[in-house]
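User: I should like to understand the reasoning behind the terms used for this structure. Please set each value against its criterion.

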Amino acid sequence: MASEEQLSAIKRAKVLMVGAGGIGCELLKTLALSGFQDIHVIDMDTIEVSNLNRQFLFRQSHVGLSKAKVARDAVLRFRPKISITPYHANVKESRFNVDFFKEFDVVLNGLDNLDARRHVNRLCLAADVPLVESGTTGFLGQVTVHLKGKTECYECQPKPAPKTYPVCTITSTPSKFVHCIVWAKDLLFAKLFGDKNQENDLNVRSSDTASSSEHSEDVFECRKDEDIEQYGRRIYDHIFGHNIEVALSNEETWKNRNKPRPIYSKDVLPKKITKENGDTEKDCATGDVSAMASLSLKNPQDIWSLAENSRVFIEALRLFFSKRGKEIGNLTFDKDDQLAVEFVTAAANIRASSFGIPLHSLFEAKGIAGNIVHAVATTNAIIAGLIVIEAIKVLKKDNNNFRMTYCLEHPSRKLLLMPVEPYEPNKSCHVCSETPLSLEVNIHHSKLRDFIEKIVKGKLGMNFPVIMQGASILYEVGEDLEEDMVAIYDANLEKALSELPSPVTSGTVLTVEDLQQEFTCSINIKHREEFDEEKEPDGMVLSGWVEAPVDKDNNKPVGNGESTSNALPSEEILEGEKDVEIQEQSTGAETVTGKKRTLSEVDGSRNQKTTENLDDDDEDELVISNDWESLTKKKRV
């Protein structure tokens, strides 16, 4: 039973929940049943069929509706007298500013991406409001507490570094199934169903066929005189046949590699594909058109043969053009789009077959393509309970008893829940300690736009940046800007750093500020002529902002990452960006050293420990330490 003091703190509290998904549903239910009276919930997502197996506040009839609003309505059915305010919105919207955050006694996160987590972390720091973070992946979970000036902030420790593959590996020399998934999802799917004008590496032409009418045109354009199946076969022959033959013409590439084999539709498909009493109109799970349903392929865990994959490829393409033609040109891959998953699975498997890579089931391919580690509802419930426990401690100002708690899949020293005392702020953190950063960049080649997109937004997570050199503003965004200033700043975007009105030189200190986050940092500029395109693809290197160090033996980040599931090999649970950057599923916290510092370490007692990196699914971030005794004996913050 809760004490009078606890009940009083709970009833008075005004709580902000960010995220109403896997953890969020359980958390809202637990908050309501624990006596909280005033809860605000922000979530921009709508309910999808794939949510229903673990987000128990939602039902089939709710698919397509706001998560925040439906969760509110569901909880009010059994706690009608409490106040729940839903916001079907992005937490990064301008209305959710520092003043908004100051209204709350505690913020509880249940987010699924690094960008939003950073944003909330910075707003909580600026508003001086305690933040309770959480995350789950499969059977693994964690809860951490962040108080300004007393414990580390979310960004004090390193995040796992994104895993990247050279573009040439994806397009020419794949060796793993994940390479084929990225190729099918980010290149082929985007080329066929996305923006037709985007650059793409698929339309390969060899020098001796450049004059051929067959390959000098854009083969991805449907001709007037062909039906959809003919078009699909022509696409099939081009990407799995012609392009492979072009690749084979470069003999140097295959001296130390197994050669791929060209695959043509005539070799694996009959002249006319016949459907097997399937239903082309719907899939039993989603209500969308489905190539599997059309072809009577029922089990998503079956591994299709080359012929079956080829039939799914042609049928999925046909259904896209015949049933969803209005969407062509604007589609992006969505793991909850059944037809998109079927197409990407089939295309990846055909390519894998060509390169001698083992084929995978649709279930496995969907997990890889969508960064899915299948969630466990029980883990979400446990983590939600732990969040509420820490929130109550925060409200009671019981700082000495805060715990970061990790939920394990297997007992460690007879424990499945491992509580760890919080760590002090990292003095090298550029967010809560305002430590200056340094940037190596070619000031004559890199434009201000590159600096903003790759560093300010990409790495520092700012949304509304103001960039200054001394008193001179080089760039600013805002609705209240005058038109002539907007024109000046837009013109600056296309200028090299050294050509700006206030030229950036080696030794220049740029001040970068996000007005919404009330976050400012300084960046020391150092000119550098050349960069390794493979190792430094951005053409600039930021120091002081430190990603997780990599274990060279296992090619995995070490330090404070997130949860790792054994459901799939960690290197295959990836997501490819447009530039074929493969992002490991997790986000962690940042540090310069790659390990956490506690007060006991500051006092001279340094405990060496190893941490096991974990990847995220629905929510985020996890760390497990192998040195349990040293952790539990650390001094309190």
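The exchange below takes up burial, helix packing and the sheets in turn.

User: What kind of model is this, and what is its overall make-up?

Analyst: The model is predicted. The protein has 19 helices and 21 strands. Buried residues account for 53% of its 637 residues. Of the contacts between residues at least 6 apart in sequence, 69% join residues at least 24 apart.

User: Why is Gly-138 called buried?

Analyst: The relative accessibility of Gly-138 is 6%. Buried means under 20% relative accessible area, so Gly-138 counts as buried.

User: Where does Gly-138 lie in the chain, and how far is Gly-138 from Val-376 in space?

Analyst: Gly-138 is in the loop between strand S5 (131-137) and strand S6 (140-146). Its C-alpha is 5.1 Å from that of Val-376, although 238 residues separate the two in sequence.

User: Which residues of helix H14 are buried, and what follows the helix?

Analyst: In H14 (residues 362-369), the buried residues are Leu-362, Ala-365, Gly-367, Ile-368 and Ala-369. H14 is followed by Asn-371, which has a positive phi near 55°.

User: What makes helix H7 oblique to helix H9?

Analyst: H7 (residues 177-193) and H9 (residues 228-248) pack at an angle of about 140°, and their axes are 13 Å apart. Roughly antiparallel requires an angle over 145 degrees, and roughly perpendicular covers 65 to 115. The angle of about 140° falls in neither class, so H7 is oblique to H9. H7 passes H9 in a right-handed crossing.

User: How do you know which classes of residue form the contact of H7 with H9?

Analyst: Trp-183, Leu-188 and Leu-192 in H7 meet Tyr-231, Ile-235, Ile-239 and Phe-240 in H9. Trp, Leu, Tyr, Ile and Phe count as nonpolar. The contact therefore has seven nonpolar residues, with no polar and no charged ones.

User: Why are S3 and S9 described as standing at the edges of their sheet?

Analyst: The open sheet has eight strands in the order S3-S2-S1-S4-S5-S6-S8-S9, with mixed pairing. Strand S3 (83-87) and strand S9 (415-420) each have a single partner strand, so one side of each is left without a neighbour in the sheet. Neighbouring strands here are turned by 20° against each other on average, direction ignored.

User: How do you know that S4 and S5 are paired, and which helix packs on this sheet?

Analyst: Two strands pair if there are at least two bridges between them. Two bridges join strand S4 (residues 106-109) to S5, and the two strands run parallel; the criterion of at least two bridges is therefore met. Leu-108 has Val-132 in S5 as its bridge partner. Helix H2 (residues 22-33) packs on the sheet, touching strand S1 (14-18), strand S2 (38-42), S3, S4 and S5. The direction of H2 makes about 165° with that of S1.

User: What makes S12 and S15 edge strands?

Analyst: Another open sheet has six strands in the order S12-S11-S13-S14-S10-S15, with mixed pairing. Strand S12 (472-476) and strand S15 (540-543) each have a single partner strand, so one side of each lacks a neighbour in the sheet. The twist averages 25° from one strand to the next.

User: How many bridges join S11 to S13?

Analyst: Five bridges join S11 (residues 465-469) to S13 (residues 509-514), and the strands run antiparallel. Met-468 has Thr-511 in S13 as its bridge partner.

Terms used: Residues numbered from 1 in each chain as written. Predicted model: local features only at pLDDT ≥ 70, side-chain atom pairs only at ≥ 80, totals over all residues. Heavy atoms only, no water. Helix = DSSP H or I, 4+ residues; strand = E, 2+ residues; numbered from the N terminus. Axes fitted to C-alpha atoms, helices over the stretch in contact; angles between N-to-C directions. Parallel < 35°, antiparallel > 145°, perpendicular 65-115°, else oblique. Left-handed = near helix turned anticlockwise from the far one by under 90°. Contact = heavy atoms within 4.5 Å. Buried < 20%, exposed > 50% of the residue type's maximum accessible area, 1.4 Å probe, protein only.
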